Amino acid sequence: MAAARGSTGLALALLVLVVAVSGATARNRSRRQMGSGKISNSYYSGPSGGLNSYDAWDDEEHYVITEDRLNEIRSEMMYPYKDPNDYQKDINDLTPQIDKKLNFRFPFYGFLFNYTWVSLHGFLGFSVPTSEPQTYPLTFPQPDWPVKNDPSFIGPFYSKCVMGEIGGEETDTRRPGVYYRIERDLYERYDQFGVELRERAKWDIREGIVGAEAFTPKHIVITTWKNVSFNGGNSNSRARRVTNTFQLMVATDEVRSYALFNYLHMGWTTHTEAGGDGNEGQGGIPAYVGFNAGNGTSAYPYTPYSQTMYIRDLTSTGMANGFPGRHIFRIDEKILAGNCRHELYGSNLPLVFAPEQGNMLGGNLVNISGPCFGPNTLVKCRFYDREVEGVVRDTNTAFCVQPRLFATGFVDIAVSLDGGPYYWKGQYYVETPLTSAETVMFANDDYQLAEPGSLRLQWLWHNLTMDQSAKVTISLYGYRETTNTPELVYIDTIAEGSNDGIQDISTADFMGNDNWDYLDIEVGLIHINLTNPGTYLSGLKSSPTLWSRPVPLAWYFGPQWERVYGSEWAARVCNRWIENDRNLKHFAGEVIRCPCRIEQAVANKGLYVPDFDCDRDGNTACDEHRGAIHCVRAGMVNNDGAGQQCCYDIDGYLMMTSDTMWGGNPHRAHNLGMRPFYESNKMPSLSHWYHDVAPFYSCCRWQGEQSQGCTTYRFERRASQDCVGYQPPSAATVFGDPHFYTFDDVQYTFNGKGEYVLTRVNTNRNQLDVQARFEQAPDNEMGPVFATQLTAIAARDNFSTTVEIRLRPTEAQWRYKLNVLVNQKYLYFDRYPEKMQIFRGMLVYVPTYIHNQSQVIVLFQSGAGVENQTKGLFGNWSNDPGDDFVLPDGTQANVDILNSESIYERFGLQWMLDDKEDPYRGGSLFYHENGRSSSNYYDPDFLPEFEKTPDIPDNSTLDVEEVKRVCGSSYQCAYDFIMTERRDVAVFTKFYQDEFVNIKSSGLETIISCGALPTPQNGRKNTFAFTPGTMVKFECDPGYILVGEARRWCYASGDWNWPEDGEVNCMSEAQYKTMYVGIQAGIVFSILIPIVAALVCFGFHLKSQADEMDRETVGRHAGYNVARGSSRSGTSSEPSTLVKAPPPGGRQQQQQFGAPNMDSSPRAERHEMPVRYESSY
């Protein structure tokens, strides 16, 4: 994917005229331009008119070009060149090139230049041209670089040329030779020539190549080779009159650069050293046509013309701006051709298109070039697995509207002509609805309210068409998951109007709507399209479309919800979601734990990425997490499709929903989605909004934090997980020239040269390879530096794609510091949607505050390492520093940790990669371009400096005190300072070392946590801290009274103290009074009930005694005695017998059950008592 810097809007350029400035100036200008059909001027005149002849103009006046004048000057292919002003008299056969100062920044092929070499040999160079003998065909980049020179150049016709002669049939009598003209600072130019040149180049480029819709040239260089002949022609023939005339125009705004090749006449193809004949310059190996970046990096031969017989067709092909012989390219970062090539054949032809990315919901208008289109060509575009019909614009360009795609990241885009095979191919980046550029938005946040009133909608109108009078339709779509297949359904047309970018909406207009079938929808998107697309884009059947990001829908459905559910509609909507969520699978226990502190979250780059909606280094709005200063999300989706979010307050502590509704929480649906996307709970962005974000509105934002719905949301359905059990990772690093810290914190220096294994895991369950390339450090003022530096890293995890990160050459770091390749494809992270890119098994992202790709972070699906299974230069991760130096075969290396030479020979070199895959080391993961391999980077004769602190050379400007002042006690810093003699290198080494040590000591330390201590409802606490030594004090809001333990302490064991007075609670004063009265009543009743019970028992006792005495008295009066058995317990253990009393002096006649005869016993008589009945309670 190329650097996406073009507009995402329509590529059909419409002429916009500049408004006249003042009346007097406009009238003067009109008179001058209307005076004659042809304008002449003594300063600049040429035989062909147009820009070669223009009217003199006072620089104090602002010249404004008219549409007719612009069409006139654009009707010529060749840009202006003047004799003698532009003629380079210093260039001749003996002096074929001269250098020129540009005095501005010119981006070319990844490098940045401010000078150039103008050469008679058909190129514009940016380094000293090679003077070495060349063999044909020419090969670029130079395979023997740096032994041989590899020049950087733009070559419309790179060949050995000589000054030619004008033939008798030619009408242009300007001298043969090289013409060179440079025009700077065209933004501030108001003279006629400056304005006309700027406008001509601007529209030629905008209409000539896709993706240049917003380009305006700031500087222009025009180089013309007129009547140049081939070297080696026969001196006694007319060879000097066999000539070529061609031109190079380059334009730049110092960020983007474009080149136009104009071929006016081609009389010869080959000079004699390349096999051409001496009379006509034909045969042999024709000229090289294309671009070379130089320094052994990259080259772009313009196929099929370069060094082939097809070079003859250059004057009749191209067709840029409709001119046969004009070819156009974008050339700043990589080379992109903007014109078709009939002669190309094959099954993988390069497709150039813009924009190179779009929303997965579809509707993006994509301009395509590569094939040659006829007016009746049937064009089909295939995006991933969906086909759409395209529309031909001109010979070089067609366009298609991207359909809706169930995919994200890079997908194939291909073009078929007239039903043929899809030979023209490229890679198109599909964005999620949340990461895609926002093209439709509300003017403020009122749309989030339950009753917003009026709203203003805005959109990027030029992304539909440049015609603001075009009619557009604004629709509302809804998203829901009621079955296993998610639905994106049309709900209503909410407005129709002009494409002016603004539409006011009154929610009162929707109060009477009846959308009964859609009342279960809580997630919506605004959709804007052209009402009649064919009127503005000829032949287009489906309109380009703009989409908003997901939005809540109370502004539309609120009145209908109220009619159906009543005034408590928000609670009913929330309860509906709660019931549905309870029926789904429990997921929160499977997501990764949050770190306790913000330092841990930032340091754990292997699991977490910044939440771009609450990023302390980017977007600090944090609208969904008020009070947070930074949030992170789980970078990779888990097996259930779920994710985690962790937010941190100003003190750096984890914010939890048990304390505030604004805390982070686990997500049932990861915001990046999970394949296959066409299933519920897996749709990127939309599933996340459906399950996790929309309920936050209905349960909390529209009801309030203390509502029952929000309480259920916070404490049950989306409760934050505390950090108890969080295990920070370990880390290893390499930096400087180069110095290592292993996973177990062993420090050593190893200056290997070549490709090496940093860490390797190779088990049945886990595979991980991380490799590094080390190259010799650049020479210093004293000569060669016998130390190396890290220049590239490659990694692959399990079955993930391979990622490679390279340090760009110093001269190429003006825009990007690093190159990133995934599966051998260069990636760029300029635009916000591209800051985070996901691939199979991994995620690659650049922090939002990094704009030059100087920091790239890679996350793997299965983690970055496995304890006790790692080997390589980063050591064996076992928490035992003594076993770090493990060799590829698993044995321990016998090294002296204080001897760098011992480490170098016995350990480091053993982990070097070669061209053949090894079962212990693996194979090289690096993408070797231009015929290179691993062995190209290894030098067996290279021997580094082994001293820990090298001696400072006698003739060096360094001194020991300066090294100590910069480096302190860091031997790594001192080594780099002395070896490179560069203070900036030493400072960076010291800075990075200190940063890594700090990360290990704070961000990767284990923190004891006492866990969540919920804030009571209608209350607050003095701190959200939960680490040992913390004392938490609870208070209640006004009108509430605190009940329970008012203070809690976090112990070193990771436990809160036991709440002796009970868990804290905040009661309203009315509840508390009711509770107080109940307590008092309870106390009274607790005292009275035993007393009353005792009195009742005592009353029963007295009554029993009275009844017994009454019966005894009655018995005696009747002549009977009552006898009964007794026991020690006071209850009868034997049967009682009622016996008749004997007559006086007589004996008892009967005994029951053998009871002893006690008649004669004085004891028995003495103890005779009335019968007493006892009750047992």
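Which residues make the nonpolar surface patch of about 430 Å²? In this predicted model, the patch is made by Val1084, Leu1088, Val1092, Val1096 and Phe1100. Phe1100 has its place in helix α14, which runs over residues 1069-1118. With a relative accessibility of 48%, Phe1100 counts as partly exposed, because that label covers values from 20% up to the 50% above which a residue is called exposed.

Aromatic rings turn up in pairs elsewhere, and a search of the whole structure finds 73 such pairs. One of them joins Trp569 and Trp702, whose ring centres are 5.7 Å apart. The planes of these two rings make an angle of 55 degrees, and the pair is classed as tilted. Trp569 belongs to helix α6 (residues 569-582), while Trp702 sits in the loop between α8 (686-701) and α9 (708-717), so the contact ties together parts of the structure that are 133 residues apart in sequence. What about cover: are the two partners buried or exposed? Trp569 is buried, at 6% relative accessibility. Trp702 is buried too, with a relative accessible area of 15%. Both verdicts follow because buried means under 20%.

Rings also meet charges here. The charged end of Arg175 sits over the ring of Tyr87, at 3.9 Å from the ring centre. A second arrangement of this kind involves Arg597 and Tyr653: the charged end of Arg597 sits over the tyrosine ring, 4.5 Å from its centre.

Note on methods:
Residues numbered from 1 in each chain as written. Predicted model: local features only at pLDDT ≥ 70, side-chain atom pairs only at ≥ 80, totals over all residues. Heavy atoms only, no water. Phe/Tyr/Trp six-rings, centres within 6.5 Å; stacked < 30°, edge-to-face > 60°. Helix = DSSP H or I, 4+ residues; strand = E, 2+ residues; numbered from the N terminus. Buried < 20%, exposed > 50% of the residue type's maximum accessible area, 1.4 Å probe, protein only. Lys NZ or Arg CZ within 6 Å of the ring centre and 35° of its normal. Patch = residues over 30% accessible without salt bridge, like charges linked within 9 Å, V, L, I, M, F, W, Y side chains within 5 Å. Areas by Shrake-Rupley, 256 points an atom, 1.4 Å probe, with all protein chains shown as cover. Salt bridge = Lys/Arg side-chain N within 4 Å of Asp/Glu carboxyl O.
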